[in-house]
Amino acid sequence: MSGFRADVLTLFPDMFPGALGLSLAGEALKQGTWSLHAHDIRDHGLGKHRAVDDTPAGGGAGMVIRADVLAASLDSVVDAQDRRPRLLMSPRGKPLTQEMVRHFAAGEGVVIICGRFEGVDERVIEGRNLQEVSIGDYILSGGEPAALVLLDAIVRLLPGVMGKTESGEDESFENGLLEYPHYTRPREWEGQAIPDILLSGDHKKIAEWRRAESGKLTKERRPDLVKK
Ligand code: SAH
């Protein structure tokens, strides 16, 4: 087997590769660094209308994706030998971090399930060993944009995708800090100059300045990261 393999289960397969068909991720997709296979959960829907959802037990608003339908879709994609993590995009999940992204990128691939409506029948989560992953404390209308976010973050870490490996290691969160500020030409813009130190050519001083700015920004904006 070669390359990182992503299988996505969704009611909207046309949303893939979407934004991931362009730019860095799209180039890597063409090169075969990774592959993306979107599967329509509705292929396993029931009856003439290929129903995938039903009303919530106990009443209430909305619809719930059926356990039997979702399991049939998943079972058609993975077998017992497949060791890839099975991720269910969900606002109740473990909040996605760069550390988790790095872990997924180091593996052979991922299987991602995109919820819709009120979500999925609880029994399939345990029954198929799904790991719930959230991309933040807000509610999307479906798991697809969350899956695109997760895959974007993973793919840029795959070997050969980013031009220079250093440009990944310096990034916000990679060292527990937010990144230092960037500047480029022109040297002066609307009366604001680039900090002198960055033009000094003194690489040691520049590194020190950047580390200090990183620390300052992180303390101001993300005291929660400093605690860690
Ligand atoms: N009723 C659910 C929300 C359902 S939103 C609740 O209150 O927890 C519909 C689908 O969108 C979810 O099944 C999930 O797949 C996806 N989704 C919504 N917000 C998300 C988030 N923050 N992170 C990841 N997936 C999300």
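This dialogue walks through the strands, the ligand surroundings and some backbone details of a predicted model.

Trainee: What should I know before I start reading?

Mentor: This is a predicted model, in which local features need pLDDT of at least 70 and side-chain atom pairs count only at pLDDT 80 or more, while totals for chains, interfaces and linings use all residues. Residues are numbered from 1 along each chain as its sequence is written, and side-chain values use heavy atoms, with hydrogens and water left out.

Trainee: In which order do the five strands of the open sheet stand?

Mentor: In general, strands of a sheet pair through backbone hydrogen bonds, either parallel or antiparallel. Strands here are DSSP runs (E, at least two residues) and helices are runs of H or I with at least four residues, both numbered from the N terminus; two strands pair if DSSP finds at least two bridges between them. In this structure the open sheet has the order β2-β1-β6-β5-β7, with parallel pairing. Because β2 (34–40) and β7 stand at the edges with a single partner strand each, one side of each is left without a neighbour in the sheet.

Trainee: Over how many bridges do β1 and β6 pair?

Mentor: Strand β1 (residues 4–10) and strand β6 (residues 109–114) pair in the parallel sense over five bridges, and Arg5 stands opposite Gly109 in β6. Helix α5 (residues 144–155) packs on this sheet and touches β1, β2, β5 and β6, where contact means heavy atoms within 4.5 Å.

Trainee: How many residues surround the ligand?

Mentor: A residue is counted as near a molecule if one of its heavy atoms lies within 4 Å of it. By that rule 19 residues surround the ligand, and the closest are Met89, Gly115, Glu118, Gly136 and Tyr138. Strand β5 gives the most to this shell, with three residues.

Trainee: Which backbone atoms lie 3.0 Å and 2.9 Å from a nitrogen atom of the ligand?

Mentor: A polar contact with the ligand is a pair of N or O atoms within 3.5 Å. A backbone N or O atom of Glu118 lies 3.0 Å from a nitrogen atom of the ligand, and one of Gly136 lies 2.9 Å from a nitrogen atom of the ligand.

Trainee: Where is Pro17 found, and what is the peptide bond before it?

Mentor: Pro17 is found in the loop between β1 and α1 (23–31), and the peptide bond from Phe16 to Pro17 is cis, with omega near -5°. Another cis peptide bond joins Arg185 and Pro186, with omega about 0°.

Conventions:
Polar contact = N/O pair within 3.5 Å; in protein donor to acceptor, adjacent residues only side chain to side chain. Axes fitted to C-alpha atoms, helices over the stretch in contact; angles between N-to-C directions.
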